[in-house]
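User: I would like a close look at one part of this model, beginning from a single strand residue and working outward through its surroundings. Please connect what you find there with the rest of the structure.

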Amino acid sequence: MDKPVEILKVSGLCKRFKLSAKQQKLERTKEKYKQAVKDVSFSAYKGEIFGLLGPNGAGKTTTMRTLATLIRPDAGNAWIDGANILTQENQVRSKLAFLTGDLKLEQFFTPNYLFDFFSDLHGVEPQVREKRKQELFQRFGIDRYALTKVAELSQGMRQKVSLVVSIVHDPDVIIFDEPTNGLDVITAKTVTDFLLELKEKGKTVIISTHIFTLIEKLCDRVGILINGQMVACDTLANVCEGLSLEDRFFALYETAEGGKEA
Amino acid sequence: MKGMLTIFKKELARFFGDRRLAFVTIFLPGILIYTIYSLMGTFVMSDMQADSSLTPVVAVSEVPISLKGTLEQICEILPLEKGQDPQELIDSQEVNAVLLFPENFDVLVEAYEVGKGVAPSVELYCNSSDANSYATNELLCSVLNTYETALVNKFDITQIDTVSAEAASGQFFASILPMLLMTLLYSSCTSVATEAIAGEKERGTIATLLITPVSRSHIALGKILALSLIALLAGASNALGTILSLPKLMGGELTGSIYGLREYALLAAVILSTVLLMVTAISLISTFAKSVKEASTMTAPLMVLVMFLGVIGMAGLGSADNYALYLIPLYNSSQAMTTILSFGDAGLPVLLTVFSNILFTLGGVWLLTKLFHSEKILFKI
């Protein structure tokens with residue numbers, strides 16, 4: 001068996017946020033800072049889907065945003081296909097796609113315009129762009145709506161357009177924060193099928209979710225984040241230790257919470 | 001009914017819950033109007049008042065003995081040489097007014113019978129656009145009218161204003177256009193700049209841009225340039241409408257054709273650099289806002305400042321004698337426009353204004369780039 005090629009390496013990632021007076025009141029704490037991510041390390045390999053599993057506020061989105069260079073870590077580092085997220089931000093951005101339910105598109109524009117716009121930003125050659133546009137638009141059924149304004153598209157179609165314009169540059173790493181959040185079952189299936197297709201093509205996909213079945217269905221390896229800390233990270237089988245993912249997660253969660261209370 | 005009341009209370013709670021919105025909507029307009037109108041009144045009054053320590057200098061030809069003593073009490077009299085042009089004397093500000101008495105004025109007045117023949121005439125020259133000349137004219141008129149009344153209308157007073165139509169038009173444009181232009185340019189800038197940055201943050205589309213391999217400085221610069229062009233087009237349209245409508249406002253007596261290519265080119269340079277500066281300033285402020293509405297609220301004080309500076313320009317308080325003042329952003333634009341429109345020596349002021357505006361714009365763009373790197377500001381985390 002070939003040795004897996006490490007595409008993503010995360011080492012000792014830490015990130016804390018200053019709490020406003022309002023947030024302190026809301027979280028019933030006098031602490032000025034909240035440690036969102038604490039010493040998180042993991043790797044992802046070529047041609048695999050890696051899942052970050054955790055409850056709300058566990059630090060999944062912060063980790064994903066840090067990898068996408070949207071925010072900078074307080075400590076630690078990460079490399080995407082050899083590019084450093086701290087010193088080679090533009091190279092990192094050209095190697096990955098970052099998708100999230102929060103990422104929105106300008107509603108005034110058409111999918112066709114947005115595809116061309118993001119292709120230009122990523123420096124995709126016009127000939128390559130047209131071929132890729134045709135391929136992706138057909139794959140997601142966007143071709144019929146290519147000249148319709150985003151504002152007039154259904155929520156599911158908007159999510160497909162969002163996905164397509166994020167991968168105009170055919171990146172090797174796709175980071176997807178909560179990939180099926182807010183999607184109807186049909187669109188959710190289209191998205192999960194596409195992620196599996198990307199894996200087949202040798203791409204590395206990192207997803208974050210709190211849905212156990214999604215991890216079980218898609219992921220080769222999983223990392224469990226609780227209170228900003230990686231409490232388990234390995235292949236799905238090794239993490240589960242013979243239990244279902246859900247049971248294993250709650251066992252880890254109770255241990256982590258018990259430790260926190262103690 | 002209860003539902004309506006609940007909605008009513010919710011809307012009031014929403015409005016008054018946002019103290020900034022309540023202040024800007026309810027209190028600021030009142031304060032603004034009071035301040036601006038008070039300042040306008042003060043400036044207009046001060047602009048019309050002559051120098052109180054002034055002893056008027058009047059060039060007089062053929063001073064009659066009957067009035068010599070009175071005139072010497074109120075002004076310094078210079079004899080008018082033959083061939084001297086009254087208009088030139090006043091324009092050069094060597095004298096404040098010129099008084100032309102006919103030869104043997106006292107004899108002619110004595111001989112004149114009211115209602116028979118042509119009454120002796122006294123010509124009084126002044127420049128109504130100059131406060132000191134205007135005040136001297138008023139003073140002399142008062143003396144002459146008193147004397148004329150005492151003699152039972154035995155002579156006529158002819159008043160001649162030396163101000164040219166071009167200077168009058170220029171003075172009018174200079175007093176009103178800077179205020180209008182500054183306000184219109186600001187309105188154009190604020191409508192596009194708040195939307196482009198705060199709007200993107202509000203809609204969540206800014207993150208989509210930030211994860212592309214385009215540097216944040218380029219994103220910031222691209223936005224500033226596009227916004228400036230749009231604001232400039234909108235501002236040009238507004239300005240054109242204003243300039244074309246001004247002659248109509250004055251009953252067709254004024255025309256923008258009094259200005260040549262030089263004035264228009266200088267004005268364009270000031271407007272262009274001002275738009276760049278305004279767009280940058282509004283974009284900077286908008287970056288801190290979470291929504292377009294919040295951005296509009298946050299930029300309101302800047303609007304007050306722009307209007308205030310426009311009013312200063314309107315009052316004619318030019319800074320021609322202190323070139324350092326042309327380095328103060330926005331204030332310099334208003335003052336430079338006033339200088340150009342009133343046919344002042346505008347070369348250096350415009351150069352300093354454009355230089356200062358571009359320098360501050362570059363500083364603003366640099367700061368905007370820094371803000372685009374701040375996750376706290378861009379994502380409000």
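Analyst:

**A strand residue and its surroundings**

A:Ile175 lies in strand 7 of chain A. In this predicted model, A:Ile175 is buried, with a relative accessible area of 0%. Along the chain A:Ile175 and A:Arg65 are 110 residues apart, yet their C-alpha atoms are separated by 9.1 Å.

The strand that carries A:Ile175 belongs to an open sheet of six strands in chain A, which follow one another in the order 6-7-8-3-9-10 with mixed pairing. Strand 6 (96-100) and strand 10 (229-235) of chain A stand at the edges of this sheet, and because each has a single partner strand, one side of each is left without a neighbour in the sheet. From one strand to the next, the twist averages 15°. Strands of a sheet pair through backbone hydrogen bonds, and they do so either parallel or antiparallel. Within this sheet, strand 3 (residues 49-53) and strand 8 (residues 204-209) of chain A pair in the parallel sense, over five bridges. A:Ile49 has A:Val205, in strand 8 of chain A, as its bridge partner.

The loop that leads into strand 7 deserves a look as well. Between helix 6 (155-166) and strand 7 (173-177) of chain A, the loop contains A:Asp170, which has a positive phi of about 50° although it is not a glycine. A:Asp170 counts as partly exposed, at 40% relative accessibility. Another positive phi in a residue other than glycine is found at A:Glu241, where the value is near 50°. A:Glu241 sits in the loop between helix 9 (236-240) and helix 10 (245-261) of chain A, and with a relative accessible area of 56% A:Glu241 is exposed.

From the backbone we can turn to the aromatic side chains. Over all chains, the structure holds 15 aromatic pairs. In one of them, the rings of A:Phe109 and A:Tyr113 have their centres 4.4 Å apart and their planes at 15°, so this pair is stacked. A:Phe109 is partly exposed, its relative accessible area being 26%, and A:Tyr113 also counts as partly exposed, at 40% relative accessibility. In chain B, the rings of B:Tyr323 and B:Tyr326 have centres 6.3 Å apart and planes at 35°, so that pair is tilted. B:Tyr323 counts as partly exposed at 35% relative accessibility, whereas B:Tyr326 counts as buried at 0%.

Returning to chain A, A:Phe109 and A:Tyr113 are members of one aromatic cluster, which they form together with A:Phe108, A:Phe117 and A:Phe118. Arginine side chains are also placed against aromatic rings in this chain. A:Arg16 lies over the face of A:Tyr33, at 3.8 Å from the ring centre, and A:Arg139 lies over the face of A:Phe140, at 5.0 Å from the ring centre.

Cysteines can be considered next, for a reader who is wondering about covalent links. With a pair of cysteine sulfur atoms within 2.5 Å taken as a disulfide, the count comes to zero over all chains. The sulfur of A:Cys219 has its closest cysteine sulfur in A:Cys240, 11 Å away, which is too far for a bond. A:Cys219 is buried, with a relative accessible area of 8%. In chain B, the cysteine sulfur closest to that of B:Cys75 is in B:Cys141, at 13 Å, and this too is too far for a bond. B:Cys75 counts as buried, at 6% relative accessibility.

Chain B also has a buried helix that can be set beside the buried strand residue in chain A. In helix 12 (residues 331-341) of chain B, eleven of the eleven residues are buried, so this helix is largely enclosed by the rest of the structure. Its buried residues include B:Tyr331, B:Asn332, B:Gln335, B:Met337, B:Ile340 and B:Leu341. Just after helix 12 of chain B, B:Phe343 takes a positive phi of about 60°.

On a wider view, chain B is divided into domain 1 (57-163) and domain 2 (167-378). The centres of domain 1 and domain 2 of chain B, taken over C-alpha atoms, are separated by 49 Å.

Terms used:
Residues numbered from 1 in each chain as written. Chains lettered and ligands numbered in written order. Predicted model: local features only at pLDDT ≥ 70, side-chain atom pairs only at ≥ 80, totals over all residues. Heavy atoms only, no water. Domains from an automatic or database assignment. Phe/Tyr/Trp six-rings, centres within 6.5 Å; stacked < 30°, edge-to-face > 60°. Buried < 20%, exposed > 50% of the residue type's maximum accessible area, 1.4 Å probe, protein only. Lys NZ or Arg CZ within 6 Å of the ring centre and 35° of its normal. Pairing = 2+ DSSP bridges. Helix = DSSP H or I, 4+ residues; strand = E, 2+ residues; numbered from the N terminus. Axes fitted to C-alpha atoms, helices over the stretch in contact; angles between N-to-C directions.
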